[in-house]
Amino acid sequence: MTNIELNGDCLEVTIGSSGCDPESWEMGSFGVDAFYTVFPLQRAVKIQLANNQLCAGFFHKTLSFDLTPFRIDGQNQVPIYIEAWDERIVYEY
C-alpha cells in the first residue's frame, strides 16, 4: 500500500505492484471487530491484492471501499487499524 485516505464514507486505498495492466487486478477488504476491551470499539481491516501478472512494469491502482458497514451503534466514530499500515485511521460519521 502506498496511500490510504478517508473520503466521506469511503476508504481510498492505493497499492503499487508489478504487472502488465492494473485493470485486471482484484482488490478486496476484509474487516473484523477488534479490541472489545477498549472504548470506543474498533475495527481491524486487511486489504488484499490478487495480481497474477508476470510483467516487469510497475503500476499503482486506487480503489474505494464503502465504510458504512463499519459503523457501530452508539458511536459517531470508529478507529480502523489496517494491517501493514502504520497510521491510525478514524472514520467519523
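Which pattern does the protein follow when read along the sequence?

1. Read from start to end, the protein follows β-β-β-β-β-β-β. The secondary structure accordingly comprises seven strands and zero helices. The model under review is a predicted one.

2. On overall dimensions, the C-alpha trace spans about 50 × 25 × 20 Å along its principal axes. The protein has 93 residues, of which 34% are buried.

3. On contacts, consider the pairs with a sequence separation of 6 or more: 61% of these contacts in the protein are accounted for by residues 24 or more positions apart.

4. On surface and charge, about 5,800 Å² of the protein is exposed, and 49% of that area is supplied by carbon and sulfur atoms. Negative side chains number 13 and positive side chains 5, with the centres of the two sets lying 5 Å apart.

5. One residue merits a separate remark, namely Asn51, which is placed in the loop between strand E4 (42–50) and strand E5 (58–66). Leaving aside residues up to four places away in sequence, Asn51 touches Ser17, Ser18, Gly19 and Trp25.

6. Which side chains make polar contacts with that of Asn51? One is the side chain of Ser17, at 3.0 Å from the side chain of Asn51. Another is the side chain of Trp25, where the polar contact with the side chain of Asn51 is 3.4 Å. Ser17 and Trp25 are thus both among the residues that Asn51 touches.

Technical notes:
Residues numbered from 1 in each chain as written. Predicted model: local features only at pLDDT ≥ 70, side-chain atom pairs only at ≥ 80, totals over all residues. Heavy atoms only, no water. Helix = DSSP H or I, 4+ residues; strand = E, 2+ residues; numbered from the N terminus. Buried < 20%, exposed > 50% of the residue type's maximum accessible area, 1.4 Å probe, protein only. Contact = heavy atoms within 4.5 Å. Areas by Shrake-Rupley, 256 points an atom, 1.4 Å probe, with all protein chains shown as cover. Lys, Arg positive; Asp, Glu negative; His and termini not counted. Charge placed at Lys NZ, Arg CZ, Asp CG, Glu CD. Polar contact = N/O pair within 3.5 Å; in protein donor to acceptor, adjacent residues only side chain to side chain.
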